[in-house]
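Thanks for coming. I will keep this short and go through one structure, starting from a pair of residues and working outwards.

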Amino acid sequence: MEQIKHHLNDGLLMAYAAGNLPEAFNLVVATHISMCDECRARLEAFEAVGGTLLDGETEDVGEVDFTGCLAKIDAGPSEPIRVDHKPGLFPSALQDYVGGDLDAVKWRPVGMGVRQAILPTSKDATVRLLHIPAGAAVPDHGHRGTELTLVLQGAFADEEDRFGPGDIEIATEDLEHTPVAEMGEDCICLAATDAPLKFRGLIPRLAQPFLRI
Ligand code: ZN
Ligand code: ZN
């Protein structure tokens with residue numbers, strides 16, 4: 001795999017370690033961690049710090065509750081992290097949601113050649129696999145919340161940067177972008193969103209309630 005250039009930020013890693021992320025985001029973070037030595041090491045460092053910091057109760061450093069802290073370290077994150085890798089494109093954490101590898105995905109067309117498969121998670125956020133044909137674009141859109149996109153195969157570029165295999169793009173309210181898959185290989189991404197996206201064009205907006213994007 002090419003070198004991963006775009007990583008998880010500290011906020012996401014801490015929330016993941018504390019078990020505070022919606023299930024959809026948990027899956028994207030776990031999948032990136034299973035592909036990325038650097039973020040796995042940073043996660044371990046956060047876990048070693050334990051619960052005091054993760055609860056945001058860092059003001060009163062003088063009185064650290066070591067018993068509570070150790071208990072939290074012992075308990076670990078709410079979801080176990082599986083870093084083993086079955087053969088295939090998808091890391092294990094993702095294969096568990098898909099029920100197999102790439103060939104088990106039940107794709108549905110979303111227009112302009114783009115296909116998606118929404119994975120079953122709790123309702124507070126949504127996670128989907130996206131299949132973007134080489135050279136094709138995902139409609140121009142903004143974000144009401146946070147969108148976390150992990151590239152599994154191929155690459156895409158938008159107004160911000162280029163994202164290759166293993167890279168994570170963290171898009172928030174202030175970003176409006178048109179991701180375009182690179183030529184050569186179809187791009188497959190795993191993307192979590194915590195609020196509906198805001199599409200610019202009329203047709204994507206009309207289709208949005210049906211596509212759950
Ligand atoms: Zn990373
Ligand atoms: Zn986006």
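Start with His 7 and Cys 39: both of them are buried. Keep in mind that this is a predicted model.

What do these residues bind? His 7 through ND1 and Cys 39 through SG are among the ligands of the zinc ion, ligand 1. His 32 (NE2) and Cys 36 (SG) complete the list, and the distances run from 2.1 to 2.3 Å.

Now the geometry. The 4 donor atoms make angles of 97 to 127 degrees, and the site is tetrahedral. That assignment follows because four donors count as tetrahedral if all angles lie between 85 and 135 degrees. For reference, the ideal angle for four tetrahedral donors is 109.5 degrees.

Along the chain, the spacing of the donor residues reads H-x24-H-x3-C-x2-C. His 7 sits in the segment before α1 (10-17), while Cys 39 belongs to helix α3, residues 37-49, so this pair ties together parts that are 32 residues apart in sequence.

Next, α1 itself. Its buried residues are Leu 12, Leu 13, Ala 15, Tyr 16 and Ala 17. After the helix comes Gly 19, which has a positive phi, near 75 degrees.

Last, the strands. β1 covers residues 108-111 and β2 covers residues 114-119; they run antiparallel and are joined by 3 bridges. Where does Gly 111 stand in this pairing? It is opposite Val 114 in β2. The two strands form a hairpin with 2 residues between them. Met 112, in the turn, also has a positive phi, about 55 degrees.

That is the end of the tour; I will take questions.

Conventions:
Residues are numbered from 1 along each chain as its sequence is written. Chains are lettered from A and ligands numbered from 1 in the order in which they are written. This is a predicted model: local features need pLDDT of at least 70, side-chain atom pairs count only at pLDDT 80 or more; totals for chains, interfaces and linings use all residues. Side-chain values use heavy atoms; hydrogens and water are left out. Donors are N, O and S atoms within 2.8 Å of the metal (3.2 Å for Na, K and Ca); water is not among the atoms, so sites may look incomplete. Four donors count as tetrahedral if all angles lie between 85 and 135 degrees; four count as square planar and six as octahedral if opposite donors are over 155 degrees apart and all others between 65 and 115; anything else is irregular. Helices (H or I, at least four residues) and strands (E, at least two) are DSSP runs, numbered from the N terminus. Buried means under 20% relative accessible area, exposed over 50%, partly exposed in between (1.4 Å probe, protein chains only). Two strands pair if DSSP finds at least two bridges between them.
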